[in-house]
Amino acid sequence: MINAIIEVFPVLMKGINITITVFILSVIFGYLFAFLAGLCRLSNNLVVRGITSFYVEIFRGTSLIVQLFWLYYAIPMLFDVGIDNRLMAGVLAISLNYGAYMSEIVRGSILAVDKGQTEASVALNLSRTQRMRLVIFPQALRMMLPEFGNYLIQMLKATSLVSLIGMTDILYHGNILRSTDLSAAPTVYLLLLLFYFIMALPLIFLTRKGEEISKRGVASG
């Protein structure tokens, strides 16, 4: 068993850079899409709200794997759009999918801020932008933290799907090993479990810290 681990471990490590790169980029763009979509769904503009709602429902209502295949295989063929970069397709699929889910957290958290806070900021003669930036959003952000932490862990696990479009992440190298030597399969998948668990540990810690911050609460009327 030890010898098998010694043989498998360096091979899996070849894909760690891809896994981490996809994860970091997906987190950056996923949160960006979440905040943009969440705020746009609160817009007074019907067109902006309608387009954003369409995006959210499409990406929440369909499979991430199908979205990945559409972005990498179908869209370039149908519309002659050059999303032939595996990294771009993988990151876009994960970030658009989870951005749609997290946008509901953004929207719900903003709406959950006590109405008295808005009334107080209006009494102080703050503009709508100032009310959002200085009063409502800081309190809403505190409420978002626990769920954002949970989705952070889910995005890490979702990075394994990029192996389906040929990206050489840790799962890709693991599958290559397993296909060439079936007897190595238990060791390969055991190490893969450990890899993802170890990478998830700091995210679990951040999620718990987010929960602690969230428990401090927001102002109420």
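## Reading the labels in this helical model

User: Leaving aside its neighbours within four places in sequence, which residues is Phe 195 in contact with?

Analyst: Beyond those sequence neighbours, Phe 195 touches Phe 9, Leu 12, Met 13, Ile 16 and Ile 170. Please keep in mind that this is a predicted model. Phe 195 itself lies in helix H9, and its C-alpha is 8.6 Å from that of Ile 170, although the two are 25 residues apart in sequence.

User: Why is Phe 195 called buried?

Analyst: Its relative accessible area is 10%. Buried means under 20%, so Phe 195 earns the label.

User: Where is Thr 159 found, and what makes it count as buried?

Analyst: Thr 159 is in the loop between H7 and H8. Its relative accessibility is 1%, and the cut-off is under 20%, so Thr 159 counts as buried. Leaving aside neighbours within four places in sequence, the contacts of Thr 159 are Thr 19, Val 22, Phe 23, Ile 94, Asp 169 and Tyr 196. Ile 170 lies eleven residues from Thr 159 in sequence, with 9.7 Å between their C-alpha atoms.

User: Which residues of helix H8 are buried, and how do you know that they are on the same side of H8?

Analyst: In H8 (residues 170-180), the buried residues are Ile 170, Leu 171, His 173, Gly 174 and Leu 177. They span an arc of only 160° around the axis, which means they sit on the same side of H8. As general background, an α-helix has 3.6 residues a turn, so residues three or four places apart point the same way. The cover over the buried residues of H8 includes helix H1 (2-13), helix H2 (16-40) and H9.

User: Why are H7 and H9 called roughly antiparallel?

Analyst: The axes of H7 (residues 128-158) and H9 (residues 185-215) cross at roughly 170° and come within 7 Å. Angles over 145 degrees count as roughly antiparallel, so that is the label for H7 and H9. Among the residues of H7 that meet H9 are Leu 145, Pro 146, Gly 149 and Leu 152; on the H9 side, they include Tyr 196, Met 199, Leu 203 and Gly 210. The residues of this contact divide into twelve nonpolar, five polar and two charged.

User: How many aromatic pairs does a search of the whole structure find, and what makes the pair of Tyr 55 and Phe 59 tilted?

Analyst: The search finds eleven aromatic pairs. For Tyr 55 and Phe 59, the ring centres are 5.3 Å apart and the planes 55° apart. Stacked needs under 30 degrees and edge-to-face needs over 60, so a pair at 55° is tilted. Both residues lie in helix H3 (residues 46-61), four residues apart, or about one turn of the helix. Tyr 55 is buried at 16% relative accessibility, and Phe 59 is buried at 16% as well.

User: Why, then, is the pair of Tyr 101 and Tyr 151 called stacked?

Analyst: Their planes are 25° apart, with 6.3 Å centre to centre. Planes under 30 degrees apart count as stacked, so the name fits this pair. Tyr 101 lies in helix H5 (residues 86-112) and Tyr 151 in H7, so the pair ties together parts that are 50 residues apart in sequence.

User: What makes Tyr 101 partly exposed, and Tyr 151 buried?

Analyst: Tyr 101 has 28% relative accessibility. Partly exposed runs between 20% and 50%, so Tyr 101 belongs there. Tyr 151, at 14%, falls under the 20% limit and is therefore buried.

How values were computed
Residues numbered from 1 in each chain as written. Predicted model: local features only at pLDDT ≥ 70, side-chain atom pairs only at ≥ 80, totals over all residues. Heavy atoms only, no water. Axes fitted to C-alpha atoms, helices over the stretch in contact; angles between N-to-C directions. Helix = DSSP H or I, 4+ residues; strand = E, 2+ residues; numbered from the N terminus. Parallel < 35°, antiparallel > 145°, perpendicular 65-115°, else oblique. Contact = heavy atoms within 4.5 Å. Nonpolar A, V, L, I, M, F, W, Y, C, P; charged D, E, K, R; others polar. Phe/Tyr/Trp six-rings, centres within 6.5 Å; stacked < 30°, edge-to-face > 60°. Buried < 20%, exposed > 50% of the residue type's maximum accessible area, 1.4 Å probe, protein only. Arc of directions from axis to C-beta.
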